[in-house]
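Me: Before we discuss this protein, please show me the sequence and the structure, and then let me ask how each label is justified.

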Amino acid sequence: MTRVAVIGAGYVGLTTSAYLAHLGHDVVCADVVPERIDALNQGRIPIFEVGLEEMVRQGIDGQRLSFVLGAETAVDDAEFAFLCVPTPQAADGSAEMGFIEDAARQIGPRLRSEAIVVNKSTVPVGSTRAVEQALGREDVFVVSNPEFLREGSAVHDCLHPDRIVIGSDDQAAAIRLAALFEGIQATVVVTDPATAETIKYASNAFLATKVSFVNALANLCEAVGADVRDVVFGMGYDPRIGFEFLKPGPGWGGSCFPKDTRALLHIADEAGYDFSLLRGVIAVNDEQHERVVAKVVAAAGGSVEGRTIAAWGLAFKARTDDTRDSPAIEVVRRLQERGARVRAYDPQARGGLEGVQRCSDPYAPCEGAAVLVVLTEWDEFRWLDLDKVRALMAVPSIVDARNLLDPAAARRKGFVYEGIGRP
Ligand code: UDX
């Protein structure tokens with residue numbers, strides 16, 4: 001059993017801890033929030049993530065996983081120390097290194113000789129050096145190992161990664177880290193730290209580019225009377241294009257894409273390269289939020305002032321309770337700015353939203369509503385009783401920002417239906 005410390009019990013840290021324990025390692029995970037540690041030691045996790053609570057419990061029951069307060073205590077005797085702390089966005093768009101440097105300063109003096117510090121946080125290219133300096137140790141290694149898990153399928157993504165990327169200047173350290181993942185079937189890409197850090201940003205920026213491309217294409221389809229879903233269907237059979245990440249919607253959001261695209265743009269600016277393509281990708285995303293708002297305003301007859309708008313969905317995508325940088329929240333906020341009274345239902349979304357009435361079932365927000373706007377692609381929205389929705393609404397009008405519903409069925413039920421990029 002290899003002793004592993006994980007610093008940070010957020011999305012990445014918690015999932016990493018649970019699956020390394022699942023692989024048979026002896027894992028101690030540290031966080032700075034005492035209540036979080038208490039709850040975790042009892043097997044209660046602070047986020048909604050399919051399969052994660054079960055995996056955490058199995059780790060605790062098998063005595064391979066425990067949680068402690070403070071990074072220092074976690075690293076005693078550890079062969080590996082994973083840094084999984086947040087890198088929030090600074091005012092200039094760059095990623096803040098404060099948490100990661102603090103963590104490195106704390107663990108530096110306690111690390112055993114030859115330990116490997118593994119950086120999983122998304123950090124500016126070249127940060128491995130900064131971590132090395134903060135650690136203040138010559139006899140430990142710092143290796144980059146970017147994380148590609150998606151919220152909502154984090155456990156699956158850890159157990160079945162498409163690839164494992166290891167960035168290290170030391171071949172032996174890279175091999176030791178690769179051995180930690182024994183049992184996981186995946187291609188291991190070994191490179192230098194700066195390249196590994198760039199792979200993470202490039203992957204997220206490319207995926208965001210695909211989504212912005214299809215959103216822009218959807219707008220074109222509306223202008224020329226084409227159906228974007230069939231366009232994607234017709235394109236996707238070309239394996240060079242594929243079907244993934246080509247669903248139009250209210251724009252991309254979440255804890256990674258907005259932060260990482262801006263950070264990459266900042267990195268490019270600093271390096272003297274004008275990454276105009278990426279600038280465009282971000283601009284299209286901002287426009288997309290606004291286009292959904294404009295559709296709702298149009299559906300309400302030209303103004304939402306004083307009107308009730310029902311929103312289905314607040315989470316940034318389905319199968320997560322996360323509302324960080326959620327396009328749904330952005331659309332709701334902009335509708336409020338225009339004087340709308342918004343009532344919302346989301347089966348999982350965390351936290352309240354100022355001025356928005358949260359309803360406990362999907363029908364309640366529809367009462368007296370001028371428009372129903374579908375903002376998150378929760379499966380359950382597909383199967384709801386549209387006759388009941390229609391009877392509740394003041395005006396039977398749907399803006400389906402996720403192309404989730406069947407337009408023909410909605411129209412048959414008497415709704416005015418507006419999707420994204422389809423007639
Ligand atoms: C993303 C990356 O996928 C993951 O590899 C990385 O580690 C973290 O960032 P996540 O933030 O969980 O994961 O969300 P993801 O599933 O990628 O979706 C991002 C956004 O794009 C969501 O707002 C989603 O609704 C939107 N999206 C995605 C679309 O609008 N259309 C699509 O076809 C796909």
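**How the labels are earned**

Reply: In this model, 29 residues of domain 1 are in contact with 26 residues of domain 2, where contact means heavy atoms within 4.5 Å. The model is predicted, so local features need pLDDT of at least 70 and side-chain atom pairs count only at pLDDT 80 or more, while totals for chains, interfaces and linings use all residues. Residues are numbered from 1 along each chain as its sequence is written, and side-chain values use heavy atoms, with hydrogens and water left out.

Me: Where do domain 1 and domain 2 lie in the chain?

Reply: Domain 1 covers 3-191 and domain 2 covers 195-423, with bounds that come from an automatic or database domain assignment. Their centres, taken over C-alpha atoms, are separated by 32 Å.

Me: What area do domain 1 and domain 2 bury between them?

Reply: About 2,200 Å² is buried between domain 1 and domain 2, 55% of it on carbon and sulfur atoms; buried area is the accessible area (1.4 Å probe) that two parts lose on being put together, summed over both. Phe48, Thr122 and Glu151 supply 29% of the area that domain 1 buries against domain 2, more than any other three residues.

Me: Why is the pair Arg324 and Glu151 called a salt bridge?

Reply: A salt bridge is a side-chain nitrogen of Lys or Arg within 4 Å of a carboxyl oxygen of Asp or Glu. The closest N and O atoms of Arg324 and Glu151 are 3.5 Å apart, so the pair meets that limit. Across the interface of domain 1 and domain 2 the rule finds one salt bridge, whereas the structure holds 27 salt bridges.

Me: What makes Asp260 and Lys259 a salt bridge, and why is Asp260 called buried or exposed?

Reply: The side chains of Asp260 and Lys259 meet at 3.3 Å, N to O. Buried means under 20% relative accessible area, exposed over 50%, and partly exposed in between (1.4 Å probe, protein chains only). Asp260 has 1% relative accessibility, and therefore counts as buried; Lys259, with a relative accessible area of 16%, is buried by that rule.

Me: How do you know whether Glu222 and Arg291 are buried or exposed?

Reply: Glu222 has a relative accessible area of 29% and Arg291 has 33%, so each counts as partly exposed. Glu222 forms a salt bridge with Arg291, with the closest N and O atoms 3.3 Å apart. Glu222 lies in helix H9 (residues 193-224) and Arg291 in helix H12 (residues 276-299), so the pair ties together parts that are 69 residues apart in sequence; helices (H or I, at least four residues) are DSSP runs, numbered from the N terminus.

Conventions. Helices (H or I, at least four residues) and strands (E, at least two) are DSSP runs, numbered from the N terminus.
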